[in-house]
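Dear colleague,

I am passing on the structure we spoke about, together with some notes on its strands and its surface. Please keep the sequence at hand while you read.

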Amino acid sequence: MLLTAPSIRYITVTPTVLNADAYDANDVIFDVTAIPDACRGIGIPTILDSIVILEGADQAAANMTLHFFNGSGTFGTADAAPSISDADAAFSLGAYTMASASFLDYTNSRVASAHNLRMIMIPKAGTTSIYVAGQTAGTPTYATGSLVLRFGFRDL
């Protein structure tokens, strides 16, 4: 019997972080950001299998929730509470919360990872992209470029 590994795509995204001020609990860290080519073809579903968060400001003092969408709407303004419209919320594919205890301290930065998520992601018709927005449960201070997200997608 021939076994083949499913096609896996690792995609790195550096979301735009507003400023280096402290965020309030439950604030938007970054608004909806494209994860280009998350799907192997236009309109073809994929599975989000892993997430790695590299946090270069050493600020992982709170849970971080990543919200996934199949449309490029607006989750809210960075450094403010989410203000997503009902129309944009309809694009929601789910969310994943990375617990603060998941972040390993690398002295000047932190990294957290989650694996075997098996979250089915369905792109918007005519695209290969999935979208992500970030929210914090605490009061961290991030700087532009300090968050790097790595996603592992695999074919169904």
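The notes below take the sheet, then one of its strands, then a patch on the surface.

Please bear in mind throughout that this is a predicted model. It contains an open sheet of 5 strands, which are arranged in the order β1-β9-β3-β7-β6 with antiparallel pairing. Because β1 (8-13) and β6 (104-105) stand at the edges and each has a single partner strand, one side of each is left without a neighbour in the sheet. For β6, the link to β7 (residues 110-121) consists of 2 bridges, and these two strands run antiparallel; within this part of the sheet, L104 is placed opposite V111 of β7.

Strand β7 also holds two residues whose backbone angles you may wish to look at. N116, which is found in β7, has a positive phi of about 55° although it is not a glycine, and with a relative accessibility of 54% N116 counts as exposed, since the cut-off for that class is over 50%. R118 lies in β7 as well, and its phi, near 55°, is likewise a positive value in a residue other than glycine; at 58% relative accessibility, R118 counts as exposed.

Finally, there is a nonpolar patch on the surface, formed by I120, I122 and L156, which together have about 310 Å² of accessible area. Of these residues, L156 belongs to the segment that comes after β9 (147-155), and its relative accessibility of 63% means that L156 counts as exposed.

With best wishes

Methods. Residues are numbered from 1 along each chain as its sequence is written. This is a predicted model: local features need pLDDT of at least 70, side-chain atom pairs count only at pLDDT 80 or more; totals for chains, interfaces and linings use all residues. Side-chain values use heavy atoms; hydrogens and water are left out. Two strands pair if DSSP finds at least two bridges between them. Helices (H or I, at least four residues) and strands (E, at least two) are DSSP runs, numbered from the N terminus. Patches are made of residues with over 30% relative accessible area and no salt bridge: like charges are joined within 9 Å, nonpolar side chains (Val, Leu, Ile, Met, Phe, Trp, Tyr) within 5 Å. Accessible areas come from the Shrake-Rupley method with a 1.4 Å probe; for residues, only the protein chains shown count as cover. A salt bridge is a side-chain nitrogen of Lys or Arg within 4 Å of a carboxyl oxygen of Asp or Glu. Buried means under 20% relative accessible area, exposed over 50%, partly exposed in between (1.4 Å probe, protein chains only).
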